[in-house]
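Q: Could we go through this model together? I would like to begin with its confidence and then turn to the contacts.

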Protein chains: 2
Amino acid sequence: MGSGKTTSFDIAHRAGVSQATVSRALRDSPLVNPETRERIKKIARELNYQIDRAASRLRSQHSNTLALLFFEDPTSDASQINPFFLSMLGNITRAAARRNYDLLVSFQQLSDDWHIKYEVSNRADGIILLGYGAYSGFKDKVKKLIDADAHFVIWGATGPHLRGHSIGCDNIKGAYDATTHLLSIGRKNIAFIGNKTIDSPEFKQRYEGYCKALTAAGLGIDPELQVYATNQETSGAAAIAELVESGKPFDAIFTASDLIAIGAIKRLRKAGLQIPDDVSVVGFDDIPAASYLSPSLTTIRQDTIAAGQQLVDHVICMINGEVLEPKKVVPKLVIRDSCGGKSSAANQL
Amino acid sequence: MGSGKTTSFDIAHRAGVSQATVSRALRDSPLVNPETRERIKKIARELNYQIDRAASRLRSQHSNTLALLFFEDPTSDASQINPFFLSMLGNITRAAARRNYDLLVSFQQLSDDWHIKYEVSNRADGIILLGYGAYSGFKDKVKKLIDADAHFVIWGATGPHLRGHSIGCDNIKGAYDATTHLLSIGRKNIAFIGNKTIDSPEFKQRYEGYCKALTAAGLGIDPELQVYATNQETSGAAAIAELVESGKPFDAIFTASDLIAIGAIKRLRKAGLQIPDDVSVVGFDDIPAASYLSPSLTTIRQDTIAAGQQLVDHVICMINGEVLEPKKVVPKLVIRDSCGGKSSAANQL
DNA sequence: CAACTTTTTGCAAACGTATTCAGGACCTGT
DNA sequence: ACAGGTCCTGAATACGTTTGCAAAAAGTTG
């Protein structure tokens, strides 16, 4: 057409109204006559008009954008993204889109000035953090965010210090169900592979669920059956090597994550152990690969659709100054082939 | 401090210069005295000042943001994201970050007004498209983007109609290498599972590479050994069912993607066939799950780091009005257990 | 020291929208 | 006919930068 791009003034001119009315009409303001509104909208459509987001942001002082930040334990391989988080990505974008928010994605080393980079710079109204808080220094950085009144939500991490900023799965219940399932198919010596320190809040909770199930079954908790592992395949393999070498007998393992389970299974096989005949294995997360393995992996699925929705809704509420009590995402046991006993379970029915 | 957020005026006031100088200093303009620049930068740092992106965008008319759009064959399950694309996501964000671009991510149904939604609205300066162009209507939509002078790059799809807008892997070479490998371990009747129609340009190229290898080896191309499949596990399984039922003998399959291979392997096993003893399998993509399978999957790896970098560099060049001849990403055969013959290959060395 | 170039600065005008405020048009009831 | 209300619209302004232009400051030359 004329010179540059179409603006709300062009629409206004064509419609014979003022620019202010166009702005109102396009935002469905009740202040504008329905007929006028439709006429304006029609013209806008015809001209392929789109509101200039930059101008809109500048004027209204909010970006309608969320930032999704991935962070991982800096000790792990940075080129490998945790598959579980990836599978959450899709659901988060969809949830954001439904709420008419854009999503900015970034992988970065954890730094304590995110809110500065994203909120202060008017790039995003809120931040969603995804990552296992599995290293020291994490707490301090989060505290800075809280002190700065940043709008952010963290997946998974817990603790009173981030009240209202955390959404997670009910890890204790998930781990309890997993362990109980192993007990129900007759396993007695169940090992826990993971990290039970506070450095990894989620893994710690999973350990608690494991203990709770054993206690509920009247069994003791054997420290020799607990082997440390970080959320990596290789770490899971190393843990099994250690366990096997110790000579301590075991007939099942519950791992704090699927990635650990995958490494563990490989190493178990290398040690000549059959799965599930000699050792039952249950993981946690239900990453896509879990069903592709053979034997396919029994695991705890986290509802990533609900999780994505919750994260998005929650951070948007914070942005709007509302308070929303976080609900825990419910975990679900997915029984596949890696722990056997399916037939016996079937018999019980 | 005072009332609202810190602006460049505040900095200017403190530094005793004009706001214009602050703006220039922070952008490292050569027009400003080095000493003054450092003084201004120091103050900015102290005040935690961040340039307001909305204002910056509005004035400069570019967003320093790229949009990454995923699209999938609408016939496939929308909730499942192609794992190969997910593994590219990380590399694309990193490449974008290196170039100081933000990345907007979205999963949407393919529509022909992306450039309108993203570029016209000043949300992004350019678009990266990720997805198998495996359905009709795709070409028309892309043509509209070209006609609108949109800044975009597509991964994978090819053809003269999108000259300069496409970056891909050398699918023909990859498939050629895969097939040649199968031949080298003594396989004779190699089936192709995939889509050889123009609807799926990449799969078609992989089919061509397959044919080329067979021809180079002096073998014929048997239509009965070609079974249609889309990029899904279930489709791969169905294809194998069909092949087995046909009674046509085969001792190897080359699938157009790892997902297909995964479904194929499951179904082969169900048919009582041993892998790799009875049938060798080679996939394409090297998705994370490929190495977790048992037997682990021999496949063609695409260099996603180089690919991400290329996509980002390319679209940024388009934005800047430069012309960059796209380079093909080099595929690499990753030999694992699913095609056997490792020993025989080793013998040959 | 004048004339001229180079470096460094400030002024002021955009960029395109959202929103406040004031007012016009149109009813309603008396 | 007029006061009082409701509904709709337009003029004008502010959001915080970037950048063209002009001019001051500093340096160079004859």
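Q: What is the mean pLDDT of chain A?
A: The mean pLDDT of chain A is 87, and 91% of its residues reach 70 or more; pLDDT is the predictor's confidence in each residue, from 0 to 100. This is a predicted model, in which local features need pLDDT of at least 70 and side-chain atom pairs count only at pLDDT 80 or more, while totals for chains, interfaces and linings use all residues. Residues are numbered from 1 along each chain as its sequence is written, chains are lettered from A and ligands numbered from 1 in the order in which they are written, and side-chain values use heavy atoms, with hydrogens and water left out.

Q: Where does pLDDT stay under 50 in chain A?
A: It does so over residues 342–349 of chain A, for which the model has five contacts beyond four places in sequence (contact means heavy atoms within 4.5 Å). Where pLDDT is low, the predicted coordinates should not be read in detail.

Q: On to the DNA. Which residues come nearest to strand C?
A: Ser8(A), Ser23(A), Arg27(A), Tyr49(A) and Arg59(A) come nearest, out of 28 residues around DNA strand C; a residue is near a strand if one of its heavy atoms lies within 4 Å of it. Sugar and phosphate make up 55% of the atoms of DNA strand C that come within 4 Å of the protein.

Q: Which polar side-chain atoms lie close to a phosphate oxygen or a base nitrogen there?
A: A side-chain N or O atom of Ser23(A) is 2.5 Å from a phosphate oxygen of DNA strand C, and a polar side-chain atom of Arg27(A) lies 2.5 Å from a phosphate oxygen of that strand. From chain B, a polar side-chain atom of Arg24(B) lies 2.9 Å from a base nitrogen of DNA strand C. Each pair is a polar contact, that is, a pair of N or O atoms within 3.5 Å.

Q: Which helix gives the most to that surface?
A: Helix 2 of chain A does, with four residues; helices here are DSSP runs (H or I, at least four residues), numbered from the N terminus.

Q: And strand D: which residues are nearest?
A: Ser8(B), Gln19(B), Ser23(B), Arg27(B) and Arg59(B) come nearest among the 28 residues around DNA strand D. Of the atoms of DNA strand D within 4 Å of the protein, 59% belong to sugar or phosphate and the rest to bases.

Q: What reaches the bases of strand D?
A: A side-chain N or O atom of Arg24(A) is 2.9 Å from a base nitrogen of DNA strand D. Gln19(B) has a side-chain N or O atom 3.2 Å from a base oxygen of that strand.

Q: What about its phosphate?
A: A polar side-chain atom of Ser23(B) lies 2.4 Å from a phosphate oxygen of DNA strand D. The largest share of the surface near this strand, four residues, comes from helix 2 of chain B.

Q: Changing topic, what occurs at the start of helix 4 of chain A?
A: There, a side-chain oxygen of Asp52(A) reaches to within 2.8 Å of the backbone nitrogen of Ala54(A). Just after helix 4 of chain A, Gln61(A) takes a positive phi of about 65°.

Notes. Polar contact = N/O pair within 3.5 Å; in protein donor to acceptor, adjacent residues only side chain to side chain. Helix = DSSP H or I, 4+ residues; strand = E, 2+ residues; numbered from the N terminus.
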